[in-house]
Amino acid sequence: MVVLRWLIQRDVVVVPKSFRPERMAQNLDVFDFTLMEDQMGRIAMLDTGVSLFFDHRDPAMVSWLGGRRID
């Protein structure tokens, strides 16, 4: 919920995915609180700029991902 709220406060369009009704309700509960500026800053500092999975800016990785087919 905090991450959803953080993104919303940064004017990022958020489309959370859930099939469970209780999770859908929780995702809507992000509008009943606001993160303070210091909280927003501390969360932003968690971004190291490095992906633990793959670098979506790497042209070779983008090409590889684009070539995958799901049959």
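**Stop 1: a nonpolar patch**

Select Leu52, Phe53, Phe54, Trp64 and Leu65. In this predicted model, these residues form a nonpolar patch on the surface. Together they have about 630 Å² of accessible area. Now keep only Trp64 selected. Trp64 sits in helix H4, which covers residues 59–66. Is Trp64 buried or exposed? Neither label fits: Trp64 is partly exposed, because its relative accessible area is 45% and the cut-offs are under 20% for buried and over 50% for exposed.

**Stop 2: the whole chain**

Zoom out and switch to a cartoon view. How many helices and strands does the protein chain have? There are four helices and zero strands. Follow the sequence from its start, and the pattern reads α-α-α-α.

Next, look at the overall dimensions. The C-alpha atoms fill a box of roughly 40 × 30 × 20 Å along the principal axes. The radius of gyration is 16 Å, whereas a compact globule of 71 residues would have one near 11 Å. Colour the chain by accessibility if your viewer allows it. Buried residues make up 11% of the 71 residues.

**Stop 3: helix H1 and the loop after it**

Select residues 2–9. This is helix H1, and Val3 lies in it. Val3 counts as exposed because its relative accessible area is 54%, and the cut-off for exposed is over 50%.

Now select Trp6 and Arg10. Arg10 lies over the face of Trp6. The distance from the ring centre is 4.2 Å. Rings do not pair with each other in this model: the count of aromatic pairs is zero.

Go on to Asp11. Asp11 is in the loop between H1 and helix H2 (21–28). What is the phi of Asp11 near? The phi is near 65°, a positive value in a residue other than glycine. Most residues other than glycine have a negative phi. Asp11 is also exposed, with a relative accessible area of 71%.

**Stop 4: three salt bridges**

Side chains of opposite charge can pair when their charged atoms come close. The count here is three salt bridges. Visit them in turn.

- Select Arg20 and Glu22. Their side chains meet in a salt bridge, 2.9 Å from N to O. Arg20 is partly exposed at 47% relative accessibility. Glu22 is partly exposed too, at 43%.
- Select Asp38 and Arg42. Their salt bridge spans 3.3 Å, N to O. Why are these two separated by about one helical turn? Because they are four residues apart in helix H3 (residues 37–44). Asp38 is partly exposed, with a relative accessible area of 46%.
- Select Asp55 and Arg57. They form a salt bridge in which the closest N and O atoms are 3.1 Å apart. Asp55 counts as partly exposed at 34%, whereas Arg57 is exposed at 55%.

**Stop 5: a distance to check**

Select Val3 again, and add Glu22. How far apart are Val3 and Glu22 in sequence and in space? They are 19 residues apart in sequence. In space they are 18 Å apart, C-alpha to C-alpha. Show both ends of that line together: Val3 belongs to helix H1, and Glu22 has Arg20 as its salt-bridge partner.

Note on methods
Residues are numbered from 1 along each chain as its sequence is written. This is a predicted model: local features need pLDDT of at least 70, side-chain atom pairs count only at pLDDT 80 or more; totals for chains, interfaces and linings use all residues. Side-chain values use heavy atoms; hydrogens and water are left out. Rings of Phe, Tyr and Trp (its six-membered ring) pair if their centres lie within 6.5 Å; planes under 30 degrees apart count as stacked, over 60 as edge-to-face and the rest as tilted. A charge sits over a ring if NZ of Lys or CZ of Arg is within 6 Å of the ring centre and within 35 degrees of the ring normal. Buried means under 20% relative accessible area, exposed over 50%, partly exposed in between (1.4 Å probe, protein chains only). Patches are made of residues with over 30% relative accessible area and no salt bridge: like charges are joined within 9 Å, nonpolar side chains (Val, Leu, Ile, Met, Phe, Trp, Tyr) within 5 Å. Accessible areas come from the Shrake-Rupley method with a 1.4 Å probe; for residues, only the protein chains shown count as cover. A salt bridge is a side-chain nitrogen of Lys or Arg within 4 Å of a carboxyl oxygen of Asp or Glu. The radius of gyration is taken over C-alpha atoms; the globule rule is 2.2 Å times the number of residues to the power 0.38.
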